[in-house]
Amino acid sequence: MAVGGGDSSGSSGEDPNPRLYATNPSPAAATDQPAEEGTENGVSSIETIAHKIQESLSLNKRHRFWETQPVGQFKDLGDSSLPEGPIEPPTLLSEVKKEPYNLPALYEWTTCDIDEDATAAEVYNLLTNNYVEDDENMFRFNYSKEFLRWALRPPGYFKSWHIGVRVKASKKLVGFITGVPARIRVRQDVVRMAEVNFLCVHKKLRSKRLAPVLIKEVTRRIHLEDIWQAAYTAGVVLPTPIATCQYWHRSLNPKKLIDVGFSRLGARMTMSRTIRLYKLPASPVTPGFRKMELRDIPAVTRLLREDLSRFVVAPDLDELDVEHWLLPREAVVDSFLVESPETHEITDFCSFYTLPSSILNNSNYSTLKAAYSYYNVATKTSLLQLMNDALTVAKQKEYDVFNALDVMENESFLKELKFGPGDGMLHYYLYNYRLRNGMKPSELGLVLL
Ligand SMILES: CC(C)(COP(=O)(O)OP(=O)(O)OC[C@H]1O[C@@H](n2cnc3c(N)ncnc32)[C@H](O)[C@@H]1OP(=O)(O)O)[C@@H](O)C(=O)NCCC(=O)NCCS
């Protein structure tokens, strides 16, 4: 569950997709100017207040399901006597329930083999038609089959964690949830976790409390592998976020973004001025900037491990993880690095993944091509120049928009590179792990897909 976000403020004006937005008032209220002009003080401060009010209201909401789970509870917010770490100890594996949870009588469990073309197509169709939309239902995430295969099959993955719900009679797939294994470091401790994602219930079956059953079932299957913690993100406020982040959007194809209602033309802006505003160089400017290759895995792993060690929560990546998550895959993940022309040392790295959104109800365009900033490390090149090169290659590859969360050091380049704030928040959560205080987005070194 990533999030997309509409461009709320007076920024560059995007409003892509999705992942979250329960808290967002209006999405595509974007004007088309980067953040300096009219963001912090004008529209967006009102929206910030609106978010704060909505979030404080959501703190008073009852959570019939989440109140029963080992997660940080709202009532414990600010209670510094509670220890950090696992909320509940692991049980004996023999005590983990052997049978799946009960579903309503008309439905049955299925394990989805995403390798099989027919199953991949069913999952793809369920998500394409029912997964996350922005608040105004203008865009819906459209993860590709190849992306799903990549996201669901990292080193050591468990097929049993790719869980579907079918209608017994017709066998139609109507529910989905997944986990993949990951080592996530929280302060000094590297914890084996599941990253849970792609929770989806068919639109016709909403509000029937199927989601809690899916969540309990994936949790049970994770416990069966002797894993007791999980990380996940959502656009909605649940008990209790460890961090609340915001998506920012950088127009690459402003005309299309405006045409489809993702952005709006800024006040006193013409289309041609807007196009000029977002113009990028024809090719990257950093000498030695090139695509990552197989032979780069050791150097990239070293760079990333060193960089991620600065954050409170971050993945603990080894070379196998880097090969899987960061070696370029056409239309799924792109990675570039800087190899010093003199020393041939690998000094900098940047990456983004490809997550298009369907454009709903537009007669001219059906897809918004979005790149999402993934992991970036700058040691010799400035992060600003490195990310401008990333924007440049994304533009060369005909993406319409480049999205980035305000995690890690991203804030240092967002405004300057003409990103505008989106109108959705992405909340990060840990299951069965308590952090005493919430984190700032800049303390978070984790990007979930
Ligand atoms: C998210 C989704 C599966 C929830 O299903 P639903 O039919 O709306 O809700 P249900 O009646 O089954 O369950 C409600 C419970 O699920 C929880 N829930 C809703 N969305 C959730 C999410 N994204 N993550 C975790 N729990 C969630 C609710 O908080 C509620 O529990 P509570 O009473 O403790 O608060 C469904 O709305 C959906 O498929 N939405 C589109 C895709 C999407 O947003 N996926 C999540 C991406 S983060």
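# A tour of the predicted chain

The chain has ten helices and 17 strands, where helices (H or I, at least four residues) and strands (E, at least two) are DSSP runs numbered from the N terminus. This is a predicted model, in which local features need pLDDT of at least 70 and side-chain atom pairs count only at pLDDT 80 or more, while totals for chains, interfaces and linings use all residues. Residues are numbered from 1 along each chain as its sequence is written.

**Whole chain**

Start with everything shown. Of the 449 residues in the chain, 49% are buried. A residue is buried if 20 or more other C-beta atoms lie within 10 Å of its own, exposed if 12 or fewer, and partly exposed in between, with C-beta atoms placed from the backbone. Contacts are counted when the C-beta atoms of two residues, placed from the backbone, lie within 7 Å. Among contacts between residues at least 6 apart in sequence, 76% join residues at least 24 apart.

**The nonpolar core**

Select I177, L214, V300, A390, A394 and F402. In the largest nonpolar core, which has 116 residues, these six touch the most other members. A nonpolar core is a set of buried Ala, Val, Leu, Ile, Met, Phe, Trp, Tyr and Cys residues joined through C-beta atoms within 7 Å. At least three residues of this core come from each of domain 1 (39-58 + 248-427) and domain 2 (81-234); the domain bounds come from an automatic or database domain assignment. Now centre on A390. Leaving out residues up to four places away in sequence, A390 touches F336, C350 and F352.

**Strand β17 and its partners**

Next, select residues 419-431, which are strand β17. Is β17 largely enclosed, or open? Of its 13 residues, 13 are buried, so β17 is largely enclosed by the rest of the structure.

Add residues 229-234, strand β6, which pairs with β17 in the antiparallel sense over five bridges. Two strands count as paired if DSSP finds at least two bridges between them. To find the register, look at A234, which stands opposite H427 in β17. Then add residues 243-251, strand β7, which pairs with β17 in the antiparallel sense over seven bridges. Here C245 stands opposite L426 in β17.

Between β6 and β7 lies a loop that contains T240. Stop there to check the backbone: a cis peptide bond joins P239 and T240, with omega about -25°.

**P86, by the end of β17**

Select P86, in the loop between α1 (39-59) and β1 (107-111). P86 has 16 C-beta neighbours inside 10 Å and therefore counts as partly exposed. Show L430 as well: its C-alpha atom is separated from that of P86 by 9.9 Å, although the two residues are 344 apart along the chain. Beyond its neighbours within four places in sequence, P86 is in contact with W228, Q229, N432 and Y433.

**Two crossing helix pairs**

Two packed helices are described by the angle between their axes and the distance between the axes.

Select helix α2 (residues 117-130) and helix α3 (residues 145-152), whose axes come within 10 Å and cross at roughly 100°. That makes α2 roughly perpendicular to α3. The contact involves A120, V123 and Y124 of α2 and K145, L148 and R149 of α3. Axes are lines fitted to C-alpha atoms, for helices over the stretch in contact, and angles run from 0 to 180 degrees between N-to-C directions. Angles under 35 degrees count as roughly parallel, over 145 as roughly antiparallel, 65 to 115 as roughly perpendicular and the rest as oblique.

Move to helix α7 (residues 297-308) and helix α8 (residues 319-326): their axes come within 9 Å and cross at roughly 100°. That makes α7 roughly perpendicular to α8. On the α7 side, I297, P298, V300, T301 and L304 meet E319, V322, E323 and L326 in α8.

**A three-stranded sheet**

Which strands form the open sheet, and in what order? The order is β2-β12-β13, and the pairing is antiparallel. β2 (139-141) and β13 (367-368) are the edge strands, each pairing on one side only. Strand β12 (residues 357-359) is joined to β2 by three bridges. Select R140 to see its bridge partner in β12, S358.

**Two loop residues with positive phi**

Select R209, in the loop between β5 (189-201) and α4 (210-223). Phi of R209 is near 65°, a positive value in a residue other than glycine. R209 is exposed, with 10 other C-beta atoms within 10 Å.

Finish at E398, in the loop between α9 (383-396) and β16 (401-405). E398 is not glycine, yet its phi is positive, near 70°. With 9 other C-beta atoms within 10 Å, E398 is exposed.
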